[in-house]
Every structure is written in C-alpha cells, then in structure tokens.
Amino acid sequence: MQPTHSEESAALFSGYDVAAYDEMFGTENSVRNHYAPLYDRLNNLGPAEIERRHKVADLTMRNQGITFTVYGRDQGVERIIPFDPIPRLISSQEWDRIDRGLKQRVRALNLFIRDVYHNRSILKDRIIPAELIFGASGYRRDCVGLRVPKDIYVHVSGIDLIRDASGEYLVLEDNCRTPSGVSYVLKNRQVMKQIFPFLFEEYNVRPVDDYTDILLSVLRNIAPDGCDDPSVVVLTPGMYNSAYYEHSFLARQMGVDLVEGRDLVYDRGQIFRRTTRGLQRVDVIYRRLDDDFLDPLAFRPDSILGVAGLMGAYRAGNVGLANSLGTGVADDKGIYPFLPDVIKYYLGEVPILNNVETFRPLIPSHRQHILQNLESLVVKAVDASGGYGMLIGPSSTKAQREEFRRKIEDNPRAYIAQPTIQLSRHPTFVEGRLDGRHVDLRPFVLYGEEIFVLPGGLTRVALPKGSLVVNSSQGGGTKDTWVLHDSADHRRASGRPTAGGRA
Amino acid sequence: MLSRVAESLYWMGRYIERAENVARLLDIGLFMELDADVGLDEGLGPVEIALTILACRDAFPMEVGPPSREAVLRFLTFDRSNSQSILSMIARARENARGTQEAIGVDVWSEVNRLYLFLGGTRAQKRFVREPSSLFNYIKNSCLLIDGMIQNTLPRDEVFHFLELGRHLERIDVLCRILRAKCPGLSKPINGEDSPMHLVHWTSLLRSCSAHGPFLRSERERVEAEGVIRFLVLDSDFPRSIRYGAARCHESLEAISGGDEEAYGCEAERILGRLESDLRYLDVAEIFDRGLLQFLDSLQISCHRVSDEIQRSFFLM
C-alpha cells in the first residue's frame, strides 16, 4: 500500500539517496520496521514544523549553557554542539548483541590492565609484544604492583561503535580514560521529550535517566575500606575545559561537589577539600583529568590542575580514583588490534563485537600493504585522539600522503591503518529537508558491582555532506539514540514502501 | 561548602545586585533628563552622575569631547572594557554562576546565562537604540527574576546565604554611593530650602532606589531631606534601606557561621552586629549632626571591612 503524502511532506525526503548502510531505509528502498512510525510522523509534521521544534531545542541548549569550548584563535569560544532532532532507533535485538559485546569487552579490558600491572602473563605468553605495552603513552610505571579497589580499573568507558556496509556493528575505539559525552545523551533525551513528546508515546524507549544514580553507586563502590558514607567529588580541570559542562552536569545530577585541583589538599596520607568550615575528607574522586595532570609531584611538575600528593593517598588506599590510573594502556591504538586476542586469552570466548580490520606497519607485509594503499586507508597515530593526527586516504592530498609515508617509515610502531569504512548513514535534518549523514555510536559502560551498559549512547553525526569525521571538535553534531523495548519493535507488521518522489 | 564555590556565590550576588542598581539608576537618570531642564545647572547631568557613583569617570574616554548622553549610557551598559558596565558585571556574574551550577541549579543558571547572552547580542543593541528605558527595565526585571528564583527555589543553606550576603552588602554599598553623589547640597548644611529643583532631586533619589511609593505611604510627609534620609538609611521594613540590608547580612552570616547567640563567629559578624545595632538606635538628626558625608564614609568603610573579613574567614581557607 502506497502511503499518501502532502506536497510539503514529500519535500522532506525528496532527493534522499540511500547509500552505505542506511539506518532508516533498507536495501530494497523500504523503511525498516522499527522506523516506520517515525517515518510517518516526520512526514506528517513536515519540514517547517520540524524546523520550528529544532530551533526550540537549540535555544534551550544555548540558554542552559550546554556548550563545549572550541580552542583556537581566541582563548576559547563556547558553542553548542549541533543537535539533530531526528532520533536514531536501535531495536532490542540489535541492542542485545551490543550490550553483551560491550560487557564482554569491558570485562576483558579490565583483566588485561590488571595483568599488565601485575603478572604480565599475556606478555609472557607472547600474545602482545611487550614493547607495545611499555611504549604505550598510557602505560604508567607507577601502577606496577599497585592494587586498586575491587580490582576494577575502568569504571567508566565509552566505546565507539560504527556500522559497516553490511550493518555489522564494529568497535572503532575503546575510550578507557575519561570518555565524555554522556551528559549530551541525557540532555538530548530531555530536549527530545520537550520538542517531540508524542513520539515517545509511539515508541517504548528505554530510559537513560538512571545513569547518574548508577555512576554514583559505582563510585561509592571504590571507597576506601571501612568508609560507610563516602564523600565523592568530581574533579574537573576547570571552566575552560571543553567538557566542563559535562563535569558540572554530572556533579549536579549526583549531588556531589565539583572540585578543581586547587580545592583539594593532601595532608598526612589523605585528601581533603577546602570548605567554608575547614578541611573535609574526600574518599572517592571521579576525575576528569588525564593521568599526567593528576599530581605534579608524581607526573608533570608543571601541572597546576592536579593535587600534589594525590598519588601518595591513592597508593596508600586512602582515596578511590575513577578511572584508575594507567588505564590508557588499554585504549592505545597500538593495542587495539590485539583486543580480539585479549578477549580470547582472558575469557576463552569469541568476541561478540568485532574490530575494524587493522594493519600494523610493524608487520612487514602489513607495512607494504599500507604504503601501497595510502589513498584508500585511514592512518591513525596511536597516541592521538579527537580526530587529530589522522590521514584520511580518500580525501588526502599527495603531499599529506608523502608526509605520512615518511612518518610510518620512520616510526612504524606509532601508527595503525584501517580501510576507510563507509559508516552507516542516518536521515539528518539539513536545510529544511532530510539527508543521509554518517553516524557512529558511543555507548557508555559502567563497572561497579556488576557491569551496566546505558541503553542508548551518544550518536555522533558528521554534518558536512560526505564527511566521515564525527568528532565535535571537527564539526560533528549529535542526536538522541533510542533503544527500544521488544514490544515496540513489532508494532508495525512489515516494511513499507517509501515516498515515490524519493528515488 | 567549597570555599571557591562560596566565594563565587558571594560575588555573583554582588554583581547581579550592582547590575540591577545601575540599570535602575540609568533609567531614572534618563527619565529626568528627558523630563526637565530644571535643576541641571550644577554641572553633571543625572546620567553622567552614574559615572561618579560607579567610580569610572576616569575610565570614560573623555578625549572624544564632552560626553554625550548616549555615549555615557552606552559606556555604562555595554562597554566590555569598562569593568563597571552592566554587561561586564553580568559577564562576571555569569562566570561565577557557571562555576557553581551544581549549587544554584539549572533555573538560576539558565536565567543568568540568558541575560548575558541577551546583553551581548543584537537584540539588546536594537532595544537600546529604539527605547533605552525598556532595555533598562528588561535588565532590572531579569535581575529580579534571578533573585526571585533564588528566593523561591533554594533551600536556606550556605548557597542561599552566601548569595544573600553578597546581594545585601552590595545593596548597602551602592546606596551609600548613590547618596554621596546625589544628595543635593551635601557639602553645604541642608536647610529648609524648598525649591522645585530640590523636590525633583529628592524624588529621583527615591526612585533610583524604588523607594518613592513606599516612602510616600510610610512617611505621609513631604519629600525633603530628613524624611528621605531617615527612610533610606534607618527604616526597618523597606527592603532597600541600609538598616534592612545590614540586618539581612547579619542574619546570613550567623546562619553561615553556625549562629551562636552569645558570641560572634567571625570578625565580619562582629562589625555587622555593631553596625546593625547602631542603625537601630540612631536618630536621623544625629546623622546630620555628625555630617551626612562623614556618616556615609564610615558606613562604607564598615562595608569594606566586612567584605575583607568574609574573604579572610571563608574564602582563603
């Protein structure tokens, strides 16, 4: 049956071309089951109405200061992250696999980090070359032999997933240090409820609101022994950090103090915060500060963001840190290619979520392949993030490729290369109509008494047409991600044909 | 509460109060200038007096010639290089609010942020050109809305009391400055001179403190020196009087330091307590005997000492 459309609604999807893996449209040019109600609703609303609601969303975010700081010419300009009002839907079967895959991966990552700093059996068994571990920028010698509370290292992780042309979810990156973005997950949801309340009636969307409750319990879980009512703080580098909004949001939602390094002081083995009534003890620190800046006595002496003596208190077991120190060794891009082996090694299981195929210049055959195919590969520096230090083959200049060729030959262990994957695309509201834009997904995983995966995550959108770069520092936007309950998935019986004007 | 947060809250309270006062001052000044050419023979126009009140006369770029009314208004409203402009103060209030979002909550923070974004944007500029008075009223109302949210959404804990402390201390300070600059014939002894010019001045003084209506209702007397000063300095019920502000400061300080009835928790509390009881038993005739100017000077010195002591006791831990 052909759905009927007003002229205006036909305009919404006019010229929409289905390429790569499209999240809303199936290969046979039909709307995927779970997207059908959304598709209809959007068509009924029409472009003008979506535009109006989109503006309301932007204004809300601007007024609430839901911003990030862009570094550059000025000392930093606050911007709102572009918000796309078209939600991304994930069916419950799809999510089930993601959920299991992430739990498996995080469990393995933790066992791996513990092993690296203690027995090192994975090195002794020659699964991973030792020099890769010791050469990783996130490796901390200070952690060798250091026991951390409950043996949990990565309490909060944000693991980036993408979908390839066949629709398979692949892990692109493990973020095990201080992954950010969860505040946008929660805020995007609030804003969506404000602008599209009726859509929620049509779908059975799993809530994300309890994230901060669970985060707080995860943090309390690592309080020093014998501490009944631990005092928890969120440690931020300060107001000029690009993720400051998030730090403040999380502290507010958990009802704990947001502190800067200068608010804390070390005294006789313990950490205290400076209050109007004198020094008060701190038991757990959710730090949103990189290892290097935590303690000027232990690491970078020029850091004014940290707390002198913090490492001493941590070593003595007098303060819990989330994430633990030294977790960067696990999300190093040089280690990433070994993650499937890591999972098999510690858990004896087949990885549920696969890696993106990755070439390592250290292996001669790989190196040859990389150097011969620079035009079609993405080359990444193993110790960079945020979309920096990358070569995107297909859109690179000859000079850039030559530069990377030299870099790879000079220092093969500092790079990896992956085929350019056409990330899946999702209808995105651009200039009054919907157009396909590449997306990825960063779900958040909490590790406390058990492992919890927040049903949803941050969907990042590469807004410039054709772009594959979704980082907010590179012009990416975000959209709300809805994980559906079973019942809603089957509310519509079958896929239906799309508007005739689209093809 | 974290010392840093307490300090930010205190200053946020001060900046918002100051911005609100400047907006009111400029609005009334403008109103007067548009209204009458009486009484403007004493050199400074009512708008220009604001430069004196805010101690930023030296910062005003005089080289461009004698300040036009519009230039002064602009300088005091939008000039980012002038630390006393409304925009500068709201910007600082906003920085403080941004650093204390987890304490003040989304509503208060959003409103401060919204006011800041508005003032920095083109809409405020347009309004300034078209109808400046409505812009000043907008600012004043927005500041009052922020205060309304503070009064009605925050529990009476340290967060609230540090905001209150800043607000009321600033209120006293600004009123002292306004009185110093605006009391007609302050340097000469005030006698029963009763020209229409004086009436305009006293009335505008009351208006710059939103006190005209309340004064008329409470005093049921003519608008002249003694009554006006008594009302603005010593009235116990008018929320913008000095006595009222001192009482609120004292209350908030007691709440912060734990409120031991028999003793004072810090030096600031002692100074304030003394000031408050002074104001309670003072007679307006005594103020004039001492000299209004001297009286206002000593009041301001007390305010500054209180601020320094608060700094020492709570923020520099």
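**Notes on a predicted two-chain model**

1. Let's start with chain B. Of the contacts in chain B with a separation of 6 or more, 66% are between residues 24 or more positions apart. Keep in mind that this is a predicted model. By secondary structure, chain B has 15 helices and zero strands.

2. Staying with chain B, what share of its 317 residues is buried? The figure comes to 57%. On the outside, chain B exposes about 13500 Å², with carbon and sulfur atoms supplying 50% of that area.

3. Now for where the chains meet. On the chain A side 26 residues are in contact with chain B, and on the chain B side the count is 23. Together the two chains bury about 2200 Å², and 46% of this comes from carbon and sulfur atoms. If you want residues to look up in chain A, try N63(A), R252(A) and T276(A): they lose the most area to chain B, together 29% of what that side buries.

4. Inside chain A, have a look at the helix pair α6 (residues 182-195) and α9 (residues 244-254). Their axes are 9 Å apart and the packing angle is about 70°. Angles from 65 to 115 degrees count as roughly perpendicular, so that is how α6(A) and α9(A) sit relative to each other.

5. Which residues make that helix contact? From α6(A) come V182(A), S183(A), Y184(A), L186(A) and K187(A), and they meet Y245(A), E246(A), F249(A) and L250(A) of α9(A). Sorted by character, the residues of this contact are six nonpolar, one polar and two charged.

6. T478(A) is worth a click too. You'll find T478(A) in strand β23 (residues 476-483) of chain A. Its relative accessible area is 4%, so T478(A) is buried. Leaving out residues up to four places away in sequence, T478(A) touches I81(A), P82(A), F83(A) and D84(A), along with N188(A), and also L458(A), T459(A), R460(A) and V461(A).

7. Is I352(A) buried or exposed? This residue lies in the loop between α12 (339-347) and β14 (354-355) of chain A. With a relative accessibility of 17%, I352(A) counts as buried, because the cut-off for buried is under 20%. Setting aside residues up to four places away in sequence, I352(A) touches R97(A), R100(A), G101(A) and Q104(A). As for S183(A), from the helix contact above, its C-alpha is 27 Å from that of I352(A), and the two are 169 residues apart in sequence.

8. Next, some backbone geometry to check. As background, most residues other than glycine have a negative phi, and most peptide bonds are trans. K150(A) is not a glycine, yet its phi is positive, at about 60°. You'll see K150(A) in the loop between α5 (130-134) and β5 (156-163) of chain A. At 54% relative accessibility, K150(A) counts as exposed.

9. Chain B has a positive phi to look at as well. A55(B), not a glycine, has a phi of about 55°. The residue lies in the loop between α2 (46-53) and α3 (69-77) of chain B. With a relative accessible area of 61%, A55(B) is exposed.

10. Last, a peptide bond. Where is the cis bond that runs from A322(A)? That bond leads to N323(A), and its omega is near -15°. N323(A) is found in the loop between β13 (320-322) and α12 of chain A.

Note on methods. Residues numbered from 1 in each chain as written. Chains lettered and ligands numbered in written order. Predicted model: local features only at pLDDT ≥ 70, side-chain atom pairs only at ≥ 80, totals over all residues. Heavy atoms only, no water. Axes fitted to C-alpha atoms, helices over the stretch in contact; angles between N-to-C directions. Helix = DSSP H or I, 4+ residues; strand = E, 2+ residues; numbered from the N terminus. Parallel < 35°, antiparallel > 145°, perpendicular 65-115°, else oblique. Contact = heavy atoms within 4.5 Å. Nonpolar A, V, L, I, M, F, W, Y, C, P; charged D, E, K, R; others polar. Buried < 20%, exposed > 50% of the residue type's maximum accessible area, 1.4 Å probe, protein only. Areas by Shrake-Rupley, 256 points an atom, 1.4 Å probe, with all protein chains shown as cover. Buried area = accessible area lost by both parts, 1.4 Å probe.
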